[in-house]
Amino acid sequence: MRKLVLALAALSASLLAYSQQPYPELGAKLDQYFLALAGEPVTVQNEECDFLIESCQDSLVKQYTALKIYDHYLKSKIMGDDAVAVHVARKWFLSGAVKMKSEEDAFHAQLFVQFNENSLIGNPAPVLTLFSPDSSTMRIPARDTYSVLYFYDTGCATCTKETPRLQKLIDSGKFPVTVYAIYVGASADEWAAYREKFTDVTHLWDPEVSSDWQLLYGVLQTPRMFLVNPTGQIVGRGLDTPALEILLNRELSKEEYVYGESGEMERLAQLFQVYGDTLKVSDVMSVADYMAARTFGEGDVNAYKQTMGDLLYYLFSQRTEIYRDASVPFIQKYIEQPEIWSTEADKAQITSLGELMVTLASRTPVGSQVPDLTVPGTLRRKPGLFCKGAKTGDFRLRKLKGNPAYLIFYTASCQACQELLATVDRIVEKDRKARVLLIDMDALFNQNQAKANELLDNFDLSVLPFVLQLDRKGIVRHRYVQLI
């Protein structure tokens, strides 16, 4: 589960009540949630939007919610948000799961998907075979260089303003890019005249649209501009020249790093797998020390930052006690170095994450006494002659008196939580002294937000499920317990 799960739970619960309330109130709540989602990866936004729609029990509320989400991302000015609109349209409307208000709206949604799904950010750029002025063919975009695909028309009023701006950027020589100027019209004479005042670009056209460029790049109006990186991936779309310049500055900056990529995470997982169940905090630190010696120790600061950043992300992704215990000394030694992590990107991607991890680690650490809080939950224990196997009510955490006692924080919407809850019967059946207190954060956040926030302040609930083991005196013996 993601960090947004509790806020999402609160909003999804409110959806249940809105079948009897005015929709403008629901719309206002959704607008607030869109702000909270802004900047999250598209995959996360897709999942959150799906969850919101699935949470609606009333069909009219579900339709309103789905349409509100679709309309928001359809009209958003944030680059990349159109991918969410494509996802919502395909999964909910085109599949028939939710009806649009009219057949005409459904037809427009289908066209939107067809003309945008091939050229979304992150997709491989569709390869086009176009014609040069001498009638020879060329396949674009090229690999091993940044490519700009600029679709324009000679009679387009906006193009007459955009083309000189793009020409000025090209003339500046600031960026090593190949610009493909693609004429979408069919007049050879007009094209020839236009080429004379638009220089240092690769001019191409396809008057018969044999390459299907309209559909593949969604060119329904001009100008239309894309940026493709050297690996052939679309990294910018719907650009104008100022936005292109900002994006190129970011893409070509030597201080930008991408941390936590799947390949690096798999490599680190394989590295630590060697230790198996014997892994200790000192082992994690030994690996970090070795990496630092082979990078920073040999004068390669860039490799050091990339390696330590990846290791930080890996530690954050692991929900076991050893990795989380190792994160604090690792951060203190390798991340709390302002002379190394000095850029704005460093502060946004590394320093802030390190600070968050240290804060989370300080909440109810091993050896501390559990906070003296009373919370609603369900207490599970082995049934006996004078007790039942489950009791629901308010429980004081320091008075559970299990040996051991487990606190399980979960949400009903979390698949991993459901799998964990299935093990509770085995725990209480195996040990008559065991006590298991189940705390449903979905329900608590909706019924008593103040109490839910109090738990957030005292426990690391950034990802659920979260399990602590206590002794009969309420002392924390283990965190991030894996019961499955």
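This passage walks through helices, aromatic pairs and salt bridges in a predicted model.

A good place to start is helix 5, which spans residues 82–94. Its buried residues include D82, A83, V84, W92 and F93. The buried residues of this helix pack against helix 3 (42–55), helix 4, helix 6 (103–114) and strand 7 (234–237). After helix 5 comes G96, which has a positive phi, near 90°. One of the packing partners, helix 4, covers residues 59–75 and contains T65. With a relative accessible area of 0%, T65 is buried. A polar atom of the T65 side chain lies 2.8 Å from the backbone oxygen of V61.

Aromatic rings come next, and the structure holds 26 aromatic pairs. In one of them, the ring centres of Y183 and W205 are 6.0 Å apart and the planes meet at 10°, so the pair is stacked. Y183 belongs to strand 4 (residues 177–183) and W205 to strand 5 (residues 202–205), so that this pair links distant parts of the chain, 22 residues apart. Both rings belong to buried residues: Y183 has a relative accessible area of 2%, and W205 has one of 14%. Y314 and Y323 offer another geometry, an edge-to-face pair with 5.7 Å centre to centre and 80° between the planes. Y314 and Y323 are likewise buried. Returning to Y183 and W205, these residues belong to one aromatic cluster together with Y150, Y152, W191, Y194 and F198. The ring of W191 also has a charged neighbour, as the charged end of R195 sits over it, 4.4 Å from its centre.

Charged pairs complete the picture, with 19 salt bridges found across the whole structure. K91 forms a salt bridge with E54, and their closest N and O atoms are 4.0 Å apart. This pair connects helix 5, which holds K91, to helix 3, which holds E54, across 37 residues. K91 is partly exposed at 36% relative accessibility, and E54 is partly exposed at 45%. Salt bridges with shared partners join D50, E54 and K91 into one network.

Another salt bridge joins D325 and R479, with the closest N and O atoms 4.0 Å apart. D325 lies in helix 14 (residues 321–335) and R479 in strand 13 (residues 476–479), 154 residues apart. Here D325 is partly exposed at 29%, whereas R479 is buried at 4%. Finally, D425 forms a salt bridge with R380, their closest N and O atoms being 2.6 Å apart. D425 is in helix 17 (residues 424–430) and R380 in strand 8 (residues 374–380), a separation of 45 residues. D425 is partly exposed, with 45% relative accessibility.

Conventions:
Residues are numbered from 1 along each chain as its sequence is written. This is a predicted model: local features need pLDDT of at least 70, side-chain atom pairs count only at pLDDT 80 or more; totals for chains, interfaces and linings use all residues. Side-chain values use heavy atoms; hydrogens and water are left out. Helices (H or I, at least four residues) and strands (E, at least two) are DSSP runs, numbered from the N terminus. Buried means under 20% relative accessible area, exposed over 50%, partly exposed in between (1.4 Å probe, protein chains only). A polar contact is a pair of N or O atoms within 3.5 Å; within protein, one must be able to donate a hydrogen and the other to accept it, and residues adjacent in sequence count only if both atoms are side-chain atoms. Rings of Phe, Tyr and Trp (its six-membered ring) pair if their centres lie within 6.5 Å; planes under 30 degrees apart count as stacked, over 60 as edge-to-face and the rest as tilted. A charge sits over a ring if NZ of Lys or CZ of Arg is within 6 Å of the ring centre and within 35 degrees of the ring normal. Contact means heavy atoms within 4.5 Å. A salt bridge is a side-chain nitrogen of Lys or Arg within 4 Å of a carboxyl oxygen of Asp or Glu.
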